[in-house]
Amino acid sequence: GTASADIAKGVAMTANRDSTCPTTLAASILLERFAGLGSVVILGLVAHSLQPCLFPVPRTLTAVAALVGFILLACFPILLRLALRLFPQTTRLLRPREIARRLDGKLWGTSVALSFAIVATNVTFYWTAYLAAEGNALWIEMATYTCLDNLAALLPVSVAGIGIRDSLAVAIFARSGEGTREIAFAWIVLLVMVCHGLIGFLLQYRQPRPAHSPGSPSPQPPDPTRSGSGHERDTKALDTKP
């Protein structure tokens, strides 16, 4: 499911426009995935440090891991350049070096900040959906659930997290042992996500293809007299006839 989402994202980014650099497109998707996954893990570690649930892990350990992870994520462009300098003679790393050179620190910081904002928005969405199902969980507990849900969705054993999302909700929030409310919450989340994706697809599909501007060069038709085609051979044959 995650790989399919990345493929769909690449198609949407190149739809109705000309793609001049597929390497940049692939790198942007990978960097976005890396920043998003790092933000989810860090926020989940912070949430567990503030409100432990489900796992008997010390708060100090998760807090230190969150701090180290945030430093590594924020300094990723610098660390990438330093790692590539260890292999100066390798020609296979020309593309990664070009990407590392163009990876601006300010833009990367903006991407990381937006990733944290998106994760916080997802946590709020999950939390609101659980409250709509008459749940009573805290926002910080829902942050731990969101982290585990996103990590579980990466496993190639489910489709859109169906089954895993339900089990996590029951394990974290079902205090009475029944879990009917948690199952309803998981399916509400899935339904809203499907509707969200369909709306985005329709908006992208309805975008018109931009027409060529008057100043842009139009493609020239092939000249049959300059291409070693059958037209040229027939012309030569006619010239040699008496």
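In this predicted model, F173 lies in helix α8, which spans residues 164–173. The residue is buried, with a relative accessible area of 1%. That value is under 20%, so F173 meets the cut-off for burial. Outside its neighbours within four places in sequence, F173 contacts Y130, A137, E141, M142, Y145 and E182. F173 and C53 are 120 residues apart along the chain, and their C-alpha atoms are separated by 9.5 Å.

F173 also belongs to the largest nonpolar core, a set of 25 residues. Within this core, M142, Y145, F173 and F185 touch the most other members. Two or more residues come from each of α2, α6 (105–132), α7, α8 and α9 (180–205). Helix α7 gives the most, with 7 residues. M142 touches V123, Y126, W127, Y130, F173 and F185, residues up to four places away in sequence not being counted. Y130 thus appears in the contact list of F173 and in that of M142. Apart from the largest core lies another one, of 9 residues. A35, A66, F76 and V112 are among its members.

E182, one of the contacts of F173, takes part in a salt bridge. Its partner is R181, and the closest N and O atoms are 3.5 Å apart. The structure holds 1 salt bridge. The two residues of the pair can be set side by side in terms of accessibility. E182 is buried, with a relative accessible area of 2%. R181 is partly exposed, at 32%. The value for E182 is under 20%, so this residue counts as buried. The value for R181 falls between 20% and 50%, so this residue counts as partly exposed.

Attention now turns to a pocket. The second largest pocket has a volume of about 150 Å³. Its lining consists of V41, G44, L45, H48, F55, V57, T62, T144, C147, L148 and L151. Helices α2 (22–50) and α7 (139–153) each supply at least two of these residues. The lining divides into 7 nonpolar and 4 polar residues, with no charged ones. Helices α2 and α7 also each give two or more residues to the largest nonpolar core.

T144 is one of the lining residues and sits in helix α7. At 5% relative accessibility, T144 counts as buried. The figure is under 20%, so T144 satisfies the criterion. With neighbours within four places in sequence left aside, T144 is in contact with G44, A47, H48 and C53. Of these contacts, G44 and H48 are also named in the lining of the second largest pocket. C53, a contact of T144, is the residue whose C-alpha atom is separated from that of F173 by 9.5 Å.

The chain as a whole sets these details in context. There are 10 helices and 0 strands. Read along the sequence, the pattern is α-α-α-α-α-α-α-α-α-α. Of the 242 residues of the chain, 27% count as buried. F173, E182 and T144 are each buried, with relative accessible areas of 1%, 2% and 5%. Among contacts between residues at least 6 apart in sequence, 59% join residues at least 24 apart.

Note on methods. Residues are numbered from 1 along each chain as its sequence is written. This is a predicted model: local features need pLDDT of at least 70, side-chain atom pairs count only at pLDDT 80 or more; totals for chains, interfaces and linings use all residues. Side-chain values use heavy atoms; hydrogens and water are left out. Helices (H or I, at least four residues) and strands (E, at least two) are DSSP runs, numbered from the N terminus. Buried means under 20% relative accessible area, exposed over 50%, partly exposed in between (1.4 Å probe, protein chains only). Contact means heavy atoms within 4.5 Å. On a 1 Å grid over the protein atoms alone, a cavity is a set of points where a 1.4 Å probe fits but cannot get out, and a pocket is an open set with protein on both sides within 12 Å along at least five of seven lines; lining residues have an atom within 4 Å of a point. Grid points are joined across faces, edges and corners, and a volume is the space filled by probe spheres set on the points. Ala, Val, Leu, Ile, Met, Phe, Trp, Tyr, Cys and Pro count as nonpolar, Asp, Glu, Lys and Arg as charged, and the others, Gly among them, as polar. A nonpolar core is a set of buried Ala, Val, Leu, Ile, Met, Phe, Trp, Tyr and Cys residues joined through side-chain atoms within 4.5 Å. A salt bridge is a side-chain nitrogen of Lys or Arg within 4 Å of a carboxyl oxygen of Asp or Glu.
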